[in-house]
Amino acid sequence: MPGVFISGIGRRLGLHLAEQFLAQGRQVFGQYRRASEQTEALAKRGVRLYQCDFTDAGQLLALAERLTAELPSLDLLLHNASLFEGESEHATLNEHLALGQRAMALHFHAPQILSEALQPALRNARGQIIAITDIYAQLPRPDRRAYCASKAALSCLMQGYAAAWAPDIRVNCIAPGPLSFLPEHSEAQRAQVLASTPLGQEGGFEPVWQVVEMLLANDFITGETLKVDGGRSLSAW
Ligand SMILES: NC(=O)c1ccc[n+]([C@@H]2O[C@H](COP(=O)([O-])OP(=O)(O)OC[C@H]3O[C@@H](n4cnc5c(N)ncnc54)[C@H](OP(=O)(O)O)[C@@H]3O)[C@@H](O)[C@H]2O)c1
């Protein structure tokens with residue numbers, strides 16, 4: 001039975017999406033980097049898990065080869081793994097280079113190589129790819145320049161696949177705004193984000209699931225990006 005593959009399945013949005021698919025009785029596959037109670041629980045529920053650090057090109061290529069061999073048919077490839085890393089004012093050039101390489105490894109090379117590896121499986125099931133980008137891909141944050149640029153690269157890559165692999169494979173992006181603050185967000189940052197979000201709250205992960213379900217059901221959308229941001233992209237910094 002075809003299934004869904006989610007990168008970054010072990011926590012937060014990836015975990016929420018996995019839980020929803022499991023509740024529907026779907027076969028779920030996923031990538032994680034760090035083992036946790038959550039990944040153990042997913043494995044016990046029948047999720048086939050693959051460990052991989054995407055910043056290691058050797059690990060990425062090995063994973064891609066395994067997936068090509070082990071998944072003959074796939075309904076959905078969901079690119080979710082991410083690293084929300086910012087520039088330090090005092091970074092050296094070496095540190096800037098490493099930051100850019102990590103951002104591109106997570107948001108460009110991993111989606112590129114996994115999409116290529118799973119293209120035959122997606123074609124077999126007339127499946128789809130959904131990439132989680134960010135409203136910042138089109139509205140670059142001054143303090144997260146490499147992150148934003150790499151998410152923009154992801155968005156452009158997905159449009160390329162949408163054009164290249166139609167009509168067999170549909171490819172879309174979801175661009176979230178403030179879904180759920182990370183522990184490192186300060187109270188002041190949280191207040192500033194909410195003040196500049198017209199709907200005035202964090203969205204949580206459910207609104208993204210609702211868009212995933214819509215994209216799965218609607219067979220006349222490809223190459224599109226849907227914002228799920230409480231209106232945040234309407235406001236300037
Ligand atoms: N949360 C928000 O408000 C928000 C806003 C805009 C966009 N987004 C986007 O929505 C998606 C989900 O957000 P989130 O907040 O749930 O993300 P998150 O908590 O930062 O989770 C990121 C996932 O990426 C994985 N990951 C990190 N470094 C990795 C590496 N080197 N190799 C492989 N995997 C790695 C993590 O795996 P491990 O846990 O195993 O390390 C984790 O499962 C992301 O694409 C993010 O950019 C989120």
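Mentor: A residue is called buried when its relative accessible area is under 20%. Please keep in mind that the structure above is a predicted model.

Trainee: Why is Tyr-147 called buried?

Mentor: The relative accessible area of Tyr-147 is 5%. The cut-off is under 20%, so Tyr-147 counts as buried.

Trainee: What makes the rings of Phe-84 and Tyr-147 an edge-to-face pair?

Mentor: Two rings pair if their centres lie within 6.5 Å, and planes over 60 degrees apart count as edge-to-face. The ring centres of Phe-84 and Tyr-147 are 4.8 Å apart and the planes stand at 80°, so both conditions are met and the pair is edge-to-face.

Trainee: Why is this pair said to tie together parts of the chain?

Mentor: Phe-84 belongs to the loop between β4 and α4, whereas Tyr-147 belongs to helix α5; the parts tied together are therefore 63 residues apart in sequence. Phe-84 and Tyr-147 also form one aromatic cluster with Tyr-136.

Trainee: How do you know that Arg-144 lies over the face of Phe-84?

Mentor: For an Arg, the CZ atom must be within 6 Å of the ring centre and within 35 degrees of the ring normal. Arg-144 is at 4.0 Å from the ring centre of Phe-84 and is found to lie over its face.

Trainee: How many aromatic pairs are there by this rule?

Mentor: The count is five. One of them joins Phe-5 and Tyr-50, with ring centres 6.2 Å apart and planes at 45°. That angle is neither under 30 nor over 60 degrees, so the pair is called tilted.

Trainee: Where in the chain do Phe-5 and Tyr-50 lie?

Mentor: Phe-5 is in strand β1 and Tyr-50 in strand β3, 45 residues apart. Both Phe-5 and Tyr-50 are buried.

Trainee: Which residues have the most contacts inside the largest nonpolar core?

Mentor: They are Phe-5, Phe-54, Leu-74 and Met-158, in a core of 32 residues. Helix α4 gives the largest share of this core, eight residues. A second, separate core has 27 residues, including Leu-17 and Val-228.

Trainee: What makes an empty space a cavity?

Mentor: A 1.4 Å probe must fit there but be unable to get out. The search of the whole structure finds two cavities of 30 Å³ or more, and the largest holds about 60 Å³ of space. Its lining has 13 residues; among those nearest its centre are His-79 and Leu-106. The largest share of that lining, five residues, comes from α4.

Notes:
Residues are numbered from 1 along each chain as its sequence is written. This is a predicted model: local features need pLDDT of at least 70, side-chain atom pairs count only at pLDDT 80 or more; totals for chains, interfaces and linings use all residues. Side-chain values use heavy atoms; hydrogens and water are left out. A nonpolar core is a set of buried Ala, Val, Leu, Ile, Met, Phe, Trp, Tyr and Cys residues joined through side-chain atoms within 4.5 Å. Buried means under 20% relative accessible area, exposed over 50%, partly exposed in between (1.4 Å probe, protein chains only). Helices (H or I, at least four residues) and strands (E, at least two) are DSSP runs, numbered from the N terminus. Rings of Phe, Tyr and Trp (its six-membered ring) pair if their centres lie within 6.5 Å; planes under 30 degrees apart count as stacked, over 60 as edge-to-face and the rest as tilted. On a 1 Å grid over the protein atoms alone, a cavity is a set of points where a 1.4 Å probe fits but cannot get out, and a pocket is an open set with protein on both sides within 12 Å along at least five of seven lines; lining residues have an atom within 4 Å of a point. Grid points are joined across faces, edges and corners, and a volume is the space filled by probe spheres set on the points.
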